[in-house]
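Here is a friendly walk through one model, from its sheet to a few individual residues. Keep the viewer open as you read.

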Amino acid sequence: MKIYRVQLKRSQKTLLHDNQCSLLENLEQNGIRHEYQCRSGYCGACRAKLLTGTVSYRQPPLAFLQADDVLLCCCQLESDLELDL
C-alpha cells in the first residue's frame with residue numbers, strides 16, 4: 001500500500017494518506033475542519049486548491065472543477081500533494 005505525503009500550506013501541517021479513507025476524512029481525523037456537504041463529489045463544497053501533485057477519481061465528479069481544484073471527499077491520490085489549506 002502506497003502512503004502519500006499531504007502538505008497543507010496555510011496551516012503548515014503534513015499528513016500521511018493511504019487512500020483507505022477519503023482525504024476529507026483524513027483531515028477530520030487529524031483535527032482539521034473543512035467545509036463539506038454531500039461527501040460524494042456532487043456539490044463541490046469540499047473543493048480545495050491543488051498546488052502540486054496529482055489526483056484521480058473513480059467516477060468523474062459532478063461538481064464543476066478548475067484544473068487546480070480537488071474534491072477532498074472523493075479524490076484518490078496519485079502522488080504526494082501540496083494543498084492550499
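## The sheet

Five strands form an open sheet in the order S2-S1-S7-S3-S5, with mixed pairing. The edges are strand S2 (13-17) and S5, each of which pairs on one side only. From one strand to the next, the twist averages 40°; axes here are lines fitted to C-alpha atoms (for helices over the stretch in contact), and angles run from 0 to 180 degrees between N-to-C directions. Strands (E, at least two residues) and helices (H or I, at least four) are DSSP runs numbered from the N terminus, and two strands count as paired if DSSP finds at least two bridges between them.

A word on the ground rules: this is a predicted model, in which local features need pLDDT of at least 70 and side-chain atom pairs count only at pLDDT 80 or more, while totals for chains, interfaces and linings use all residues. Residues are numbered from 1 along each chain as its sequence is written, and side-chain values use heavy atoms, with hydrogens and water left out.

## Strand by strand

Let us start with strand S1 (residues 4-8), which runs antiparallel to S2 and is joined to it by five bridges. Within this pair, Arg-5 has Leu-16 of S2 as its bridge partner.

Further along the sheet, S3 and strand S7 (residues 81-83) are also antiparallel, with two bridges between them. Here Leu-50 is bridged to Leu-83 in S7. On to the S5 edge: strand S3 (residues 47-52) pairs with strand S5 (residues 69-71) in the antiparallel sense, over three bridges. Lys-49 is the residue that stands opposite Asp-69 in S5.

## Asp-69, a buried acid

Asp-69 deserves a closer look. This residue lies in strand S5 and is buried, with a relative accessible area of 7%. Buried means under 20% relative accessible area, exposed means over 50%, and partly exposed is in between (1.4 Å probe, protein chains only).

Which residues does Asp-69 touch, not counting those up to four places away in sequence? They are Arg-47, Ala-48, Lys-49 and Tyr-57, where contact means heavy atoms within 4.5 Å. Two of these neighbours also appear in polar contacts: the side chain of Asp-69 meets that of Lys-49 at 2.9 Å and that of Arg-47 at 3.4 Å. A polar contact is a pair of N or O atoms within 3.5 Å; within protein, one must be able to donate a hydrogen and the other to accept it, and residues adjacent in sequence count only if both atoms are side-chain atoms. Looking across to S7, the C-alpha atoms of Asp-69 and Leu-83 are 9.4 Å apart, with the two residues 14 apart along the chain.

## The nonpolar core

The largest nonpolar core has 23 residues, and Leu-8, Leu-23, Leu-72 and Leu-83 touch the most other members. The elements giving two or more residues to this core are S1, H1, S3, S5, strand S6 (75-77) and S7. Such a core is a set of buried Ala, Val, Leu, Ile, Met, Phe, Trp, Tyr and Cys residues joined through side-chain atoms within 4.5 Å.

Leu-72 is a good place to zoom in. Setting aside neighbours within four places in sequence, its contacts include Leu-23, Leu-24, Leu-27, Cys-46, Ala-48, Leu-83 and Leu-85. Ser-22 and His-34 are also among them.

## Helix H1 and two positive phi values

Asn-26 sits in helix H1 (residues 23-29) and is buried, at 7% relative accessible area. Beyond its neighbours within four places in sequence, Asn-26 contacts Leu-15, Leu-16, His-17 and Cys-21.

Two loop residues are worth checking on your Ramachandran plot. Gln-12 is not a glycine, yet has a positive phi of about 55°; its place is in the loop between S1 and S2, and Gln-12 is exposed, at 73% relative accessible area. Asn-19, also other than glycine, has a positive phi near 65°. Asn-19 is found in the loop between S2 and H1 and counts as buried, at 18% relative accessibility.

## Cysteines without disulfides

How many disulfides are there? The count is zero, taking a disulfide as a pair of cysteine sulfur atoms within 2.5 Å. Cys-38 is in no disulfide, and its nearest cysteine sulfur, in Cys-43, is 3.6 Å away. Cys-38 counts as partly exposed, at 30% relative accessibility.

Why is Cys-73 not bonded to Cys-46? The closest cysteine sulfur to that of Cys-73 is in Cys-46, and the 3.6 Å between them is too far for a bond. Cys-73 counts as buried, at 9% relative accessibility.
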